[in-house]
Amino acid sequence: MNDPVAYYPGCSLEGLAVEYDLSTRSVCHALGLSLVELEDWNCCGSTPASLYDPMLSATLAGRNLLLAQRARLKTVMTPCPGCLKALKGAIKAHALHSEAFEEALGHPYEGTVRAVSVLQLLYEKVGPNTLAHAVRWPLDGLSVVPYYGCLLTRPERSAQFDDPENPVSMDLLLEALGCVVPHFPFKTECCGATSGITRADVVARLSGRLLDMARRSGAQAIVVACPLCQQNLDLRQAQAEKAMRSRFGLPVLYLTQIIGWALGLPEQDLGLGKLVVSPFGVLPVRNRREPSHSECVENRGSPLSRG
């Protein structure tokens, strides 16, 4: 039995990325991971706080670490890479300036809470082999490219997970579902991030390059683990198409959504209907009799080609 994990959804998952929240909770529950949402959690301050005052940013995120400490939880998981960066920034601030950090926090902090992404949690606590055996509806033949973005595994000294330039953890989880994962050379390129507010033209071109490369790689869909990346590639896909003078029509799913579909979780628990580019044209149809576990294993053989 895995220890309970503190869940910090962050502000995005209560707004534009509510389907990420739904699918994360559903998938973790289905895979036996116990999430305990932090009571009275607060915004991490996002990018503006860290630019304005690094200690203010560390204190905002540090309060969430303190809540996990009070709940006697050793690990806090957040699906948002921006929130993860803030939590790791608070951990670093405590390590380097513990006295000033605790004075700003107004409470002693033991520094015992670890921060991870949902990708890291699924990869380390579940893993590709266990995930493959939990699949009820294999996604055999579905070609998808994983898009990690520029923050999920960077900077290396802070992320301490996977390769910062050529990560493979999401590749392996997708292969465990039966997906074909072609080489995607832009897997860690920037999509434009928050520049979509002030420079939509820049984001349209950067996201357009990613969508174009995904299509030329043979992908039928893109899989992400960041609410901002998802919005730039999905919500703004029409702008990218206009900038690139091309038509993409590529669904952009969260990692937890595509895992949940392969696990056989109800559609309403995954929020698939909230995506702008519908994924139902590429996801294998689930109907008739549910395959047995032995049939899934027999039909697929070894799920992993790497690792």
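Helix H8, residues 169-176, is mostly covered in this predicted model: eight of its eight residues are buried. The list runs through Ser169, Met170, Asp171, Leu172, Leu173, Leu174, Glu175 and Ala176. You will notice that Asp171 and Glu175 are among the buried residues here. Just after H8 comes Gly178, where phi is positive at about 105°.

Helix H13, residues 255-263, gives a similar picture, so to speak, being mostly covered, with nine of its nine residues buried. Leu255, Thr256, Gln257, Ile258, Ile259, Gly260, Trp261, Ala262 and Leu263 make up that buried set. What do the buried residues of H13 pack against? Their partners include three helices by name, H1 (18-30), H6 (118-134) and H8. Strands take part as well: E5 (144-147), E6 (221-224) and E7 (252-254). H8 and H13 are thus linked directly, with H8 on the list of elements that the buried residues of H13 pack against. After H13 the chain continues with Gly264, whose phi is positive, near 85°.

Here are the two covered helices side by side, each with the glycine that comes after it.

| Helix | Residues | Buried residues | Glycine after the helix | Phi |
|---|---|---|---|---|
| H8 | 169-176 | eight of eight | Gly178 | about 105° |
| H13 | 255-263 | nine of nine | Gly264 | near 85° |

Now for the surface. Leu16, Leu235 and Val276 make a nonpolar patch of about 300 Å². One of these, Leu235, lies in helix H11, which covers residues 227-235. Is Leu235 buried, partly exposed or exposed? Leu235 counts as partly exposed because its relative accessible area is 47%, which falls between the 20% limit for buried and the 50% limit for exposed.

Stepping back to the whole chain, the protein has 14 helices and seven strands. Its C-alpha trace spans about 60 × 50 × 30 Å along the principal axes. How does the radius of gyration fit the chain length? With 307 residues, a compact globule would have a value near 19 Å, and the protein chain has 19 Å, so the two agree.

Burial and contacts add to this view. Of the 307 residues, 52% count as buried. Among contacts with a separation of 6 or more, 77% are between residues 24 or more positions apart. The chain exposes about 14,100 Å², and carbon and sulfur atoms supply 52% of that area.

Terms used
Residues numbered from 1 in each chain as written. Predicted model: local features only at pLDDT ≥ 70, side-chain atom pairs only at ≥ 80, totals over all residues. Heavy atoms only, no water. Patch = residues over 30% accessible without salt bridge, like charges linked within 9 Å, V, L, I, M, F, W, Y side chains within 5 Å. Areas by Shrake-Rupley, 256 points an atom, 1.4 Å probe, with all protein chains shown as cover. Salt bridge = Lys/Arg side-chain N within 4 Å of Asp/Glu carboxyl O. Helix = DSSP H or I, 4+ residues; strand = E, 2+ residues; numbered from the N terminus. Buried < 20%, exposed > 50% of the residue type's maximum accessible area, 1.4 Å probe, protein only. Rg over C-alpha atoms; globule rule 2.2 N^0.38 Å. Contact = heavy atoms within 4.5 Å.
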